[in-house]
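Student: I should like to learn how to read the features of a structural model. Could we work through them in turn?

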Amino acid sequence: DGAITKEEAELAVNEPIVVNRPQTSTIKEAGYFAEEVRREIISSYGDSSIYEGGLAVRTSVDPRTQGYAVDALKGGLLNYDRRHGYRGPLQNIEFKDNEFKELLEKVEIPSYAVDTWEKAVVLSVNEADVDIGFISDKVGKIPLEELKWARSVEPRQTLGPVIKKPSQVLKKGDVILVEEVKIGEKRKKYPENTYALRQIPDVDGALVVMDPHTGRVLAMVGGFSYKRSEFNRATQAKRQPGSSFKPFVYLAALEQGFTPSSIILDAPFALDQGPGLGKWRPQNYSTNFYGPTTLRIGLEKSRNLMTVRLANHKDVGIQLVVEYARKFGISDNLPPVLSMSLGAGETTLLRLASAYSMLVNGGKKITPTLVDRIQDRNGKTIYRHDERTCEDCYVPYHKGDLPPRLPDLREQVVNPMSAYQIVSMLSGVIDNGTGILAKIRGRQLAGKTGTTDGNYDGWFIGFSPDVVVGVFVGFDVPRTLGSRDTGGVVAAPIFRDFMYSYLKNKPSTPFRVPSGIKFIRVNHKTGLPAKVVDEDVILEAFKPEDNFSNSKNIDSDGEESNLINNQVEDNVPDVGGIY
């Protein structure tokens, strides 16, 4: 074309081809995700296909989202561990003068330690700080302020004495992990080469991120580090979900004629378990009773007694609750006993996050997937997650034509209005209830905390209109997280930290309201139509057939009552006529 001369062309042809490789990977850590994909392919196509088949696999992972997920989970586990004291140094070495480098070099640190951490040895312990040395020639100090968190760990995750001097934590020869104090506010009061004491957490957890409309898993972190343990706590750990199961009990009730304003009695409940077994007496987390309470507040405050009484109602029943657990893919074989309504069954984080996805997408059935498409060595597609066809995609395009629309083949699992009512109630969990630590100003978020008996497991499953995030925190060999470490304390902040990064620079989107929903101003506490003098007023979501005069309610015996009608003033109009 005359753009270059013949000599320039020959010179270019003779130049060696240089491959420029990226300096760093686009994904920091995705070992759990990759291993789950490998297992899935081997399960479907056999061992030889993945190593010898020449398959090209396109996964659903989003690199940026995966990075946010890794950072949020690691940060949350480290924060929990820091609140629960210090378990001691890696080792203690004896040395004279400053001849410690050879001994220090022999002490191995775990490969899964945080990248910014360094290995150091305590040279001397002073009144206000600790002198430390490194394999290199540098030295540093750890001030008392950076040691105060390191109280001794006592049984049941309680803490030992308050740290008042460095000698309560460290002694000469202790080999420890440290991190240089970052430049910022602390640097103003600390000199150069100031360090903080660090330790690898023994608690673990998992985090999954899903697209609720397609089931695509955008990120998956199965533990603190894949190098420490390949066991994927998002897909392989079957744990009790606790109160994070409750939305499906309430959903079953809404499908049977209850409304968010229906009243349930929060009072003692006892069930005979059979000869010689005594009575089962569940309790609220606070051990208090709150009397007649709306369904909304029952879910927001995670009231156990209300949930059990609801599951025991003749129009709901535990058998229906178990069926909803199967329908939403939470569990295929929950025994039909009332304790299942409080999350006593077992499930995985991925299955529970998938169930919540079906709530936010309007009650449509989805299947979680990590693989979008697989092609063989010849480029032929042998698997595709989205099986829809687009006939209009292959017709000539004319100016002004509307873009083709793909059919929606998802099965409708529940009434979309019932699903939205649960979404609305779960938004109250973050605004007014047990999930308050997950709140981000200016963002519409919803979710549910979960805590098992003895605080052995902490959960938070939360979502915005277009993404669902599941978080689990617990020890691999189950033991208590601590007397106050509920799902709202250990898991909800991890969700918040992830969502803060993920939603940054994204527009705020409201939850989508299905056709037919009526919004009515009600008193948040009573669920009754709001009066002018009421201060705590919300917009409650009702179906067209819902009204106050026929709203189902439950008394102390688990039977229907007119608790709400006894409080309604005369001439309260039908709910369907109030906007």
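Tutor: Let us begin at the surface. Ile436, Leu437 and Val489 make up a nonpolar patch there, and their accessible area together is about 210 Å². Please keep in mind that this is a predicted model.

Student: Where does Ile436 lie?

Tutor: Ile436 belongs to the loop between helix 11 (416-432) and strand 18 (446-451).

Student: Is Ile436 buried, partly exposed or exposed?

Tutor: The class follows from relative accessible area: under 20% is buried, over 50% is exposed, and partly exposed lies in between. Ile436 has 42% relative accessibility and therefore counts as partly exposed.

Student: How should the chain as a whole be described?

Tutor: The chain contains 13 helices and 22 strands. Its C-alpha atoms fill a box of roughly 85 × 80 × 55 Å along the principal axes. The chain has 579 residues, of which 49% count as buried. About 29,400 Å² is exposed by the chain, and carbon and sulfur atoms supply 50% of that area.

Student: What share of the contacts between residues at least 6 apart in sequence joins residues at least 24 apart?

Tutor: Of those contacts, 69% join residues at least 24 apart in sequence.

Student: Let us turn to charged side chains. What is the general idea?

Tutor: Side chains of opposite charge can pair when their charged atoms come close. In this structure there are 31 salt bridges.

Student: Which residue forms a salt bridge with Arg216?

Tutor: The partner of Arg216 is Asp372, and the closest N and O atoms are 2.8 Å apart. Arg216 sits in the loop between strand 10 (204-210) and strand 11 (217-221), whereas Asp372 sits in strand 16 (residues 371-375), so this pair ties together parts that are 156 residues apart in sequence.

Student: How is each of these two partners classed by accessibility?

Tutor: Arg216 is partly exposed, at 25% relative accessibility. Asp372, with a relative accessible area of 16%, is buried.

Student: How does a salt bridge within one helix appear?

Tutor: Consider Arg39 and Glu35, whose side chains meet in a salt bridge at 3.6 Å, N to O. Both residues lie in helix 2 (residues 31-45), and they are 4 residues apart, about one turn of the helix. Arg39 is partly exposed, its relative accessible area being 28%, while Glu35 is buried at 11%.

Student: Which residues are linked with Glu35 and Arg39 in a network of salt bridges?

Tutor: The network links Glu35 and Arg39 with Glu36 and Arg38.

Student: May I have one further salt bridge for comparison?

Tutor: The side chains of Asp315 and Lys314 meet in a salt bridge, at 3.5 Å from N to O. Asp315 is partly exposed, with a relative accessible area of 22%, whereas Lys314 is exposed, with 56%.

Student: How does one read an arginine by its surroundings?

Tutor: One may combine its position, its accessibility and its contacts. Arg303 is placed in the loop between helix 7 (295-300) and helix 8 (304-311), and at 11% relative accessibility it counts as buried. Leaving aside residues up to four places away in sequence, Arg303 touches Lys246, Tyr250, Asp266, Asn284, Tyr290, Thr293, Ile297 and Gly298.

Student: Which backbone oxygen does the side chain of Ser49 reach?

Tutor: The side chain of Ser49 reaches the backbone oxygen of Gly46, at 2.7 Å. Ser49 itself is in helix 3 (residues 47-52) and is buried, with a relative accessible area of 12%. When residues up to four places away in sequence are not counted, Ser49 touches Ile41, Gly54 and Leu55.

Student: How many disulfides does a search of the whole structure find?

Tutor: The search finds 1 disulfide. Cys390 and Cys393 form it, with their sulfur atoms 2.0 Å apart.

Student: Why is the disulfide of Cys390 and Cys393 described as right-handed?

Tutor: The description rests on the torsion about the S-S bond, which is about 80 degrees, so the disulfide is right-handed. Of the two cysteines, Cys390 is buried, with a relative accessible area of 11%, and Cys393 is partly exposed, with 44%.

Note on methods: Residues are numbered from 1 along each chain as its sequence is written. This is a predicted model: local features need pLDDT of at least 70, side-chain atom pairs count only at pLDDT 80 or more; totals for chains, interfaces and linings use all residues. Side-chain values use heavy atoms; hydrogens and water are left out. A salt bridge is a side-chain nitrogen of Lys or Arg within 4 Å of a carboxyl oxygen of Asp or Glu. Helices (H or I, at least four residues) and strands (E, at least two) are DSSP runs, numbered from the N terminus. Buried means under 20% relative accessible area, exposed over 50%, partly exposed in between (1.4 Å probe, protein chains only). A disulfide is a pair of cysteine sulfur atoms within 2.5 Å. A polar contact is a pair of N or O atoms within 3.5 Å; within protein, one must be able to donate a hydrogen and the other to accept it, and residues adjacent in sequence count only if both atoms are side-chain atoms. Contact means heavy atoms within 4.5 Å. Accessible areas come from the Shrake-Rupley method with a 1.4 Å probe; for residues, only the protein chains shown count as cover. Patches are made of residues with over 30% relative accessible area and no salt bridge: like charges are joined within 9 Å, nonpolar side chains (Val, Leu, Ile, Met, Phe, Trp, Tyr) within 5 Å.
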